[in-house]
Amino acid sequence: MNALRVSSYRKTPGAEWWGFLPLLFLGVFFLYPLGIIFTLVVKAGWTDGVGEAVWRQIARPLGFTVYQATLSTLLTLLPGLPIAWVFARFRFPGKRFLRVLMTLPFILPTVVVAAGFTALLGPRGWLNLALMSLLHTSEPPIRFLNTLGAILTVHVFYNLSVIVRVVGAAWAGLDVRLEQAARTLGASPWRAFWHVTVPLLLPHIVGATLLVFLFDFTSFGVVLLLGGPRFATLEVEIYIQTMQFLNLPLAALLSAVQLLCTLLVLGLSQRLTTGAVVSLTPRVKGEGIFFPRTWIQWLTVGLTILVLVSLVLLPLGALVTRSLVRMEASRGERGAVQAGWTLDYYRELFVNRRGSLFYVPPARAAVNSLGYAFATMWIALGLGFPAAYALNRRGASQTLLDALLMLPLGTSAVSLGLGYVVAFQRPPLDVASFPLLIPIAHSLVALPFVVRTLQPALASIPRSLRDAATVLGASPWRVWWHVDLPIVGRAVLVGAVFAFTVSMGEFGATALLARPEAPTLPVAIYRFLSQPGAMNYGQAMAMSTLLMAVCALGMLVLERLQHE
């Protein structure tokens with residue numbers, strides 16, 4: 001009987017080699033391009049010392065990158081921790097809707113978010129237009145674009161969900177009886193919170209804080225579109241040195257500096273959070289969560305709802321309405337404008353008014369984005385399955401694979417794009433003859449999430465099912481097709497939708513890799529926003545609205561699949 005019960009896991013096709021394919025993929029398309037960047041630094045002779053002029057070109061963007069990332073992180077924590085407490089401790093109408101709404105900004109492309117805040121607070125934004133009409137002035141009273149405040153505001157918009165999701169989930173999972181025991185022993189509410197709750201939450205707060213700092217440190221699209229030339233981070237400076245000045249050695253040096261900084265942050269995060277989690281007795285579902293009882297609690301919940309709705313819905317709503325309204329200066333009062341509903345901006349997406357040879361129809365950009373997104377989905381799933389199987393086997397090689405899978409999340413997308421530009425210059429691996437380099441770059445970002453979705457689902461499959469199929473004569477491939485795949489089907493769909501959405505909105509690496517005649521939707525939106533004229537601005541709003549709709553649909557599908 002024992003002889004018959006052969007482990008079906010080991011009988012899975014090529015089980016001993018599951019980890020080889022993702023390791024090979026990471027080696028060729030991640031480690032090799034980054035290694036080429038370091039090679040450029042060595043060839044430039046900067047390993048023995050950097051000149052004063054070059055050091056200034058490094059120190060300025062590096063200093064500002066750290067400065068804005070620190071400020072953005074602190075400003076995200078300021079509302080994030082109270083909101084996490086509200087979600088962890090209170091039950092109120094619309095809570096599930098607000099949780100979904102709060103997650104939406106995190107998956108939106110940076111160009112869409114930039115367009116939304118431009119539609120709300122830009123020179124031609126709704127708020128400025130209203131104030132200009134009210135104050136009878138022709139100059140916008142609010143200066144939002146090309147300011148540090150714009151960068152900080154949008155970073156809070158993006159990363160608030162990280163704090164609320166990570167800290168709020170940990171807070172909701174705490175055993176409330178510990179704090180109640182402290183109160184019984186005579187501790188005041190503040191002392192019980194400070195000496196019981198805070199130490200238990202601290203690892204989660206530190207982990208979420210460092211994650212937000214890393215996202216702000218590697219921010220590209222937000223700074224490029226809203227910060228202006230005065231506020232160049234390492235990411236933006238890499239892009240400028242590559243695309244405008246063709247100074248690849250300096251861009252490579254900046255990429256190396258950024259990569260070392262991100263690795264330092266990742267190492268610090270692992271050191272501070274590993275082994276610091278305190279195991280608690282699981283509490284009864286719903287214990288410690290209640291409807292607000294006092295007017296202060298109701299006020300806190302109301303302010304939370306107001307902040308979330310204002311922060312998320314106002315810019316996104318401004319984006320949608322701005323794409324449907326044509327604004328014209330009024331001949332009457334100074335600063336007044338006339339508005340009218342129109343679909344012209346959507347119609348103009350398919351018209352080449354100037355007869356330009358370089359015109360690319362937005363429909364073509366949409367087709368490019370969809371093609372890259374589907375390719376990314378299949379690549380990420382094709383690599384995610386063997387990686388998930390390999391990680392479930394445990395061992396030294398699996399530990400290495402797990403670490404390598406996480407590295408792309410902390411790597412600059414612009415740096416990765418630069419590595420591709422330098423490393424893959426000859427056929428068959430160059431952008432002109434091998435356009436799959438773009439979805440491959442997207443897959444590096446999506447793969448860790450796909451693996452994290454598939455791994456627990458595969459680990460939960462009872463071994464007895466595989467053993468029974470094997471004993472009945474099923475081949476390893478039939479076992480996988482008829483046993484494993486149906487069980488993990490929902491996890492596959494979640495991973496596929498996530499990879500598709502990530503690819504649709506990716507901008508950093510694509511900005512360097514996309515050919516001028518084959519842009520994606522984010523690249524095309526950036527082109528429209530960079531050109532003067534009301535029509536270009538309106539078309540950018542229309543394209544951003546369409547891209548937002550696609551991403552929102554993907555998120556709704558994810559939520560539906562995860563809660564079924």
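Is Glu-139 buried, partly exposed or exposed, and at what relative accessibility? In this predicted model, Glu-139 has a relative accessibility of 47% and therefore counts as partly exposed, since that class lies between the buried residues, under 20%, and the exposed residues, over 50%. The side chain of Glu-139 meets that of Arg-143 in a salt bridge, with a distance of 3.7 Å from N to O. Arg-143 has a relative accessible area of 58% and is therefore exposed, as this value is over 50%. Side chains of opposite charge can pair when their charged atoms come close.

The count of salt bridges comes to 2. Another salt bridge is formed by the side chains of Asp-344 and Arg-347, for which the N to O distance is 2.8 Å. Both of these residues belong to helix H14, which covers residues 344-347, and they are 3 residues apart, or about one turn of the helix. An α-helix has 3.6 residues a turn, so residues three or four places apart point the same way. Asp-344 is partly exposed, with a relative accessible area of 24%.

The backbone at Asn-146 was examined next. Most residues other than glycine have a negative phi. Asn-146, although it is not a glycine, has a positive phi of about 60 degrees. This residue is found in the loop between helix H6 (126-135) and helix H7 (148-172), and with a relative accessible area of 40% it is partly exposed.

Two helices were considered for their bends. Helix H9, made up of residues 189-217, has 29 residues, yet its end C-alpha atoms are only 37 Å apart, which is short of the 42 Å that a straight helix would reach at 1.5 Å a residue. A bend of about 50 degrees is located in H9 at Val-198, and the proline Pro-199 follows within four residues. Helix H13, in turn, has 28 residues and reaches 38 Å from its first C-alpha to its last, a span close to the 40 Å expected at 1.5 Å a residue. H13 nevertheless contains a kink of about 30 degrees at Leu-313, shortly before the proline Pro-315.

The residues of H13 also include both buried and exposed positions. Among its buried residues are Gln-297, Val-301, Thr-304, Leu-308, Leu-311 and Pro-315. Trp-295, which lies in H13 (residues 295-322), has a relative accessible area of 64% and is thus exposed. Together with Ile-296, Leu-299, Leu-303 and Leu-306, Trp-295 forms a nonpolar patch on the surface, and the accessible area of these residues together is about 560 Å². Trp-378, found in helix H15 (residues 362-393), is likewise exposed, with a relative accessible area of 60%. The C-alpha atoms of Trp-378 and Ala-496 are 7.7 Å apart in space, while the two residues are 118 residues apart in sequence.

Aromatic contacts were then surveyed. A pair of aromatic rings is described by the distance of the centres and the angle of the planes. A search of the whole structure finds 15 aromatic pairs. One of them joins Phe-157 and Tyr-158 in an edge-to-face arrangement, in which the centres are 6.2 Å apart and the planes are at 80 degrees to each other. Phe-157 and Tyr-158 are both buried. Elsewhere, ring pairs link Phe-25, Phe-29, Tyr-32, Tyr-420 and Phe-424 into a cluster.

Conventions. Residues are numbered from 1 along each chain as its sequence is written. This is a predicted model: local features need pLDDT of at least 70, side-chain atom pairs count only at pLDDT 80 or more; totals for chains, interfaces and linings use all residues. Side-chain values use heavy atoms; hydrogens and water are left out. Patches are made of residues with over 30% relative accessible area and no salt bridge: like charges are joined within 9 Å, nonpolar side chains (Val, Leu, Ile, Met, Phe, Trp, Tyr) within 5 Å. Accessible areas come from the Shrake-Rupley method with a 1.4 Å probe; for residues, only the protein chains shown count as cover. A salt bridge is a side-chain nitrogen of Lys or Arg within 4 Å of a carboxyl oxygen of Asp or Glu. Helices (H or I, at least four residues) and strands (E, at least two) are DSSP runs, numbered from the N terminus. Buried means under 20% relative accessible area, exposed over 50%, partly exposed in between (1.4 Å probe, protein chains only). Rings of Phe, Tyr and Trp (its six-membered ring) pair if their centres lie within 6.5 Å; planes under 30 degrees apart count as stacked, over 60 as edge-to-face and the rest as tilted. The expected span of a helix is 1.5 Å times one less than its number of residues. The bend at a residue is the angle between axes fitted to the seven residues ending there and the seven starting there.
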